[in-house]
Amino acid sequence: MLKQILIATDGSESSMRAADIALSIGKRAGARLSAVYVIDVHRLAQLPGYAIMPGIKDRLMELMIKEGEEALGEIGDKARDAGVAYERGTAEGDPGEELLKLCRDKGFDLIVLGSIGKSGLDKLLLGSVAERVVRNANIPVLVVPARAEDEI
Ligand SMILES: Nc1ncnc2c1ncn2[C@@H]1O[C@H](COP(=O)(O)OP(=O)(O)OP(=O)(O)O)[C@@H](O)[C@H]1O
Ligand SMILES: [Mg+2]
């Protein structure tokens with residue numbers, strides 16, 4: 001039985017397609033939908049100039065928080081329209097690692113992700129976050145392709 005579904009969003013179009021699928025499954029199953037955006041502090045720290053440029057950390061954090069708010073809000077609107085129970089959250093850290101922790105610790109029955117994300121390199125079959133979750137999650141993973149079937 002699907003009671004709790006986790007949707008991982010980085011604000012990408014691909015993850016929004018994944019959210020739509022998660023919502024239609026959740027609606028039919030009568031499940032709760034939780035959405036999470038992970039603030040990728042790991043990637044931040046690798047940017048050139050990160051350690052020395054004044055204010056850059058705060059500004060980038062702000063941008064990511066805003067990106068998360070928008071994505072989680074958009075999914076929330078869709079959930080409300082669909083009449084699906086919804087909660088949202090953010091985490092901070094390496095996205096793959098944080099998503100795997102949520103899978104392990106929070107009693108979800110399914111995690112739904114896009115096949116690619118913000119980096120969205122078309123030649124890649126799976127983004128690195130999606131690949132890491134597929135390889136290591138202890139619960140079922142649903143990966144939603146970035147493009148509609150007729151576009152592939
Ligand atoms: N920071 C994040 N928070 C929550 N979910 C995420 C995050 N990053 C990625 N995801 C999830 O993983 C899916 C695949 O994104 P992924 O990051 O693996 O691909 P990418 O951005 O194209 O490539 P890469 O990050 O490896 O350069 C997204 O559609 C989303 O569902
Ligand atoms: Mg990514």
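**Strands, helices and ligand shell of a predicted model**

Colleague: How many of the five residues of β1 are buried in this model?

Modeller: The model is a predicted one. Strand β1 is largely enclosed by the rest of the structure, because most of its residues meet the criterion for burial. The number of buried residues among the five is four.

Colleague: In what order do the five strands of the open sheet lie?

Modeller: The sheet is open and its strands pair in the parallel sense. β3 (86–92) and β5 stand at its edges, each with a single partner strand, so one side of each lacks a neighbour in the sheet. Neighbouring strands are turned against each other by 25 degrees on average, direction ignored. The order is β3-β2-β1-β4-β5.

Colleague: Over how many bridges do β1 and β2 pair?

Modeller: The pairing of these two strands is parallel. Among the bridges, Ile-5 is partnered in β2 by Leu-33, and Leu-6 is partnered in β2 by Ser-34. The number of bridges between β1 and β2 is five.

Colleague: Which residue of β3 is the bridge partner of Ile-39?

Modeller: Strand β2 comprises residues 32–39 and pairs with β3 in the parallel sense over seven bridges. β2 is also mostly covered, with seven of its eight residues buried. The partner of Ile-39 in β3 is Glu-92.

Colleague: What angle does the direction of α3 make with that of β2?

Modeller: Helix α3, residues 56–82, packs on the sheet. There α3 touches β1 (4–8), β2 and β3. The angle between the directions of α3 and β2 is about 165 degrees.

Colleague: Is Glu-69 of helix α3 buried, exposed or partly exposed?

Modeller: Glu-69 lies in α3, and its C-alpha is 8.4 Å from that of Tyr-37, although the two are 32 residues apart in sequence. A residue counts as buried at 20 or more C-beta neighbours within 10 Å, and as exposed at 12 or fewer. Because Glu-69 has 14 such neighbours inside 10 Å, it is classed as partly exposed.

Colleague: Which residues does Lys-78 touch, not counting those up to four places away in sequence?

Modeller: Lys-78 is also found in helix α3, and with 18 other C-beta atoms within 10 Å it is partly exposed. Its C-alpha lies 8.0 Å from that of Leu-23, a residue 55 places away in sequence. The residues touched by Lys-78 are Ala-19, Asp-20 and Leu-23.

Colleague: Which residues of α4 are buried?

Modeller: Helix α4 lies across β1, β2, β3 and β4, running at about 150 degrees to β2. What covers its buried residues includes those four strands and also α5. The buried residues of α4 are Pro-95, Gly-96, Glu-98, Leu-99, Leu-100, Leu-102 and Cys-103.

Colleague: Is Gly-107 buried or exposed?

Modeller: Gly-107 lies in the loop between α4 and β4, where it takes a positive phi of about 75 degrees just after α4. The C-alpha atoms of Gly-107 and Ile-5 are 9.3 Å apart, with their positions 102 residues apart in sequence. Because Gly-107 has 11 other C-beta atoms within 10 Å, and 12 or fewer is the limit for this class, Gly-107 is exposed.

Colleague: Within what arc do the buried residues of α5 fall, seen down the helix axis?

Modeller: The buried residues of α5 (residues 128–136) are Val-129, Ala-130 and Val-133. An α-helix has 3.6 residues a turn, so residues three or four places apart point the same way. The buried residues of α5 line one face of the helix and pack against α4 (95–105), β4 (110–114) and β5 (141–144). The arc that contains them is 100 degrees.

Colleague: Which residues come nearest to ligand 1?

Modeller: The shell around ligand 1 has 24 residues, of which 11 are nonpolar, 10 polar and three charged. The elements that give two or more residues to this shell are α1 (13–29), β2, β4 and α5. The residues that come nearest to ligand 1 are Gly-114, Gly-117, Ser-119, Gly-127 and Ser-128.

Technical notes:
Residues numbered from 1 in each chain as written. Chains lettered and ligands numbered in written order. Predicted model: local features only at pLDDT ≥ 70, side-chain atom pairs only at ≥ 80, totals over all residues. Arc of directions from axis to C-beta. Contact = placed C-beta atoms within 7 Å. Pairing = 2+ DSSP bridges. Axes fitted to C-alpha atoms, helices over the stretch in contact; angles between N-to-C directions. Near = placed C-beta within 6 Å. Nonpolar A, V, L, I, M, F, W, Y, C, P; charged D, E, K, R; others polar.
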